[in-house]
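Visitor: Please show me the sequence and the structure, and then let us go through them together.

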Amino acid sequence: MQSYLTSGFLLLSLVLQIGNRCDAAAFAPGDDLVETLQGVEMVHSDLSTQKNMMGSLSVIIVRALGLNGDGLMKTNAVARMWYSSIYHETNEIKSDNPTWNAVYNLGVVETHLPLKVEVWDKDVGKDDLLISCTQYLTQGTHTFTCSGNGQVEVKYSLICEPGLTGSQCEVGK
Ligand SMILES: [Ca+2]
Ligand SMILES: [Ca+2]
């Protein structure tokens, strides 16, 4: 995981450097820029390897417990999830202990990204954010819990594509 963060950071640094150099050397782009672009190519091929880590992902937002979005009134509870560019929101349940069992089949995705889950209390005007967390995924079926104002229980299943293996569906040996 560390290496992916590092290469992502390197790419970001390089992109920022190019941005700076383009500004600074707008009239005379020099060899430095070419070398930097080659560096980006190399880092980019590392990222391409990560993109080969593919798996089928389904997420179940199971339930939340002990929410307190509206004091003595019941919480207008909704859960939201993001994975890459995929977004889903549950229906609203008026309860401090809502059970959604909302099943989202996300299809084949890159496996190295974090799953983000939030629970909100809907209000007239500004909604209240009660719980927010991100979770990196590993192969198999797992349940995890996030705490905040109450707790949310999330289940997911990640199945590696053929030829991929390991905890995050790496290229096989
Ligand atoms: Ca509220
Ligand atoms: Ca409310």
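Guide: Helices (H or I, at least four residues) and strands (E, at least two) are DSSP runs, numbered from the N terminus. The model is predicted: local features need pLDDT of at least 70, side-chain atom pairs count only at pLDDT 80 or more, and totals for chains, interfaces and linings use all residues. Residues are numbered from 1 along each chain as its sequence is written, while chains are lettered from A and ligands numbered from 1 in the order in which they are written.

Visitor: Which pattern does the protein chain follow along the sequence?

Guide: The protein chain contains two helices and 11 strands. Read along the sequence, the pattern is α-α-β-β-β-β-β-β-β-β-β-β-β.

Visitor: Which strands are the edge strands of the open sheet of four strands?

Guide: Two strands pair if DSSP finds at least two bridges between them. In this open sheet the order is β5-β1-β9-β8, with antiparallel pairing. Each edge strand pairs on one side only, and the two are β5 and β8 (140–148).

Visitor: Within that sheet, which residue stands opposite Ile 61 in β9?

Guide: Strands β1 and β9 run antiparallel and are joined by 10 bridges. Opposite Ile 61, β9 places Val 154.

Visitor: Is β2 largely enclosed or not, and how many of its residues are buried?

Guide: A residue is buried if 20 or more other C-beta atoms lie within 10 Å of its own, exposed if 12 or fewer, and partly exposed in between, with C-beta atoms placed from the backbone. Across the 173 residues of the protein chain, 20% count as buried. Strand β2 is largely enclosed by the rest of the structure, because the buried residues among its eight number six.

Visitor: Which element gives the most residues to the largest nonpolar core?

Guide: A nonpolar core is a set of buried Ala, Val, Leu, Ile, Met, Phe, Trp, Tyr and Cys residues joined through C-beta atoms within 7 Å. The largest one has 23 residues, and those with the most contacts inside it are Val 59, Ala 79, Met 81, Leu 115, Val 119 and Tyr 156. Two or more residues come from each of β1 (54–65), β2, β5 (99–110), β6 and β9 (150–160). The element that gives the most, with five residues, is β2.

Visitor: Which residue of β6 stands opposite Ala 79?

Guide: Strand β2 (residues 76–83) runs antiparallel to β6 (residues 114–121), and seven bridges join them. Between these strands, Arg 80 has Glu 118 as its bridge partner in β6. The residue opposite Ala 79 is Val 119.

Visitor: Which residue in the turn between β2 and β3 has a positive phi?

Guide: Strand β3 (residues 86–89) pairs with β2 in the antiparallel sense over four bridges. In β3, Glu 89 is the bridge partner of Arg 80. The two strands form a hairpin with two residues between them, and the turn residue with a positive phi, about 55 degrees, is Ser 84.

Visitor: Why does Lys 94 count as exposed, and with which residues is Lys 94 in contact beyond its neighbours within four places in sequence?

Guide: Lys 94 lies in strand β4 (residues 93–94) and counts as exposed because it has 12 C-beta neighbours inside 10 Å. Strand β4 pairs with β2 in the antiparallel sense over two bridges, and Asn 76 stands opposite Lys 94. Two residues are in contact if their C-beta atoms, placed from the backbone, lie within 7 Å. Leaving aside neighbours within four places in sequence, the contacts of Lys 94 are Lys 74 and Asn 76.
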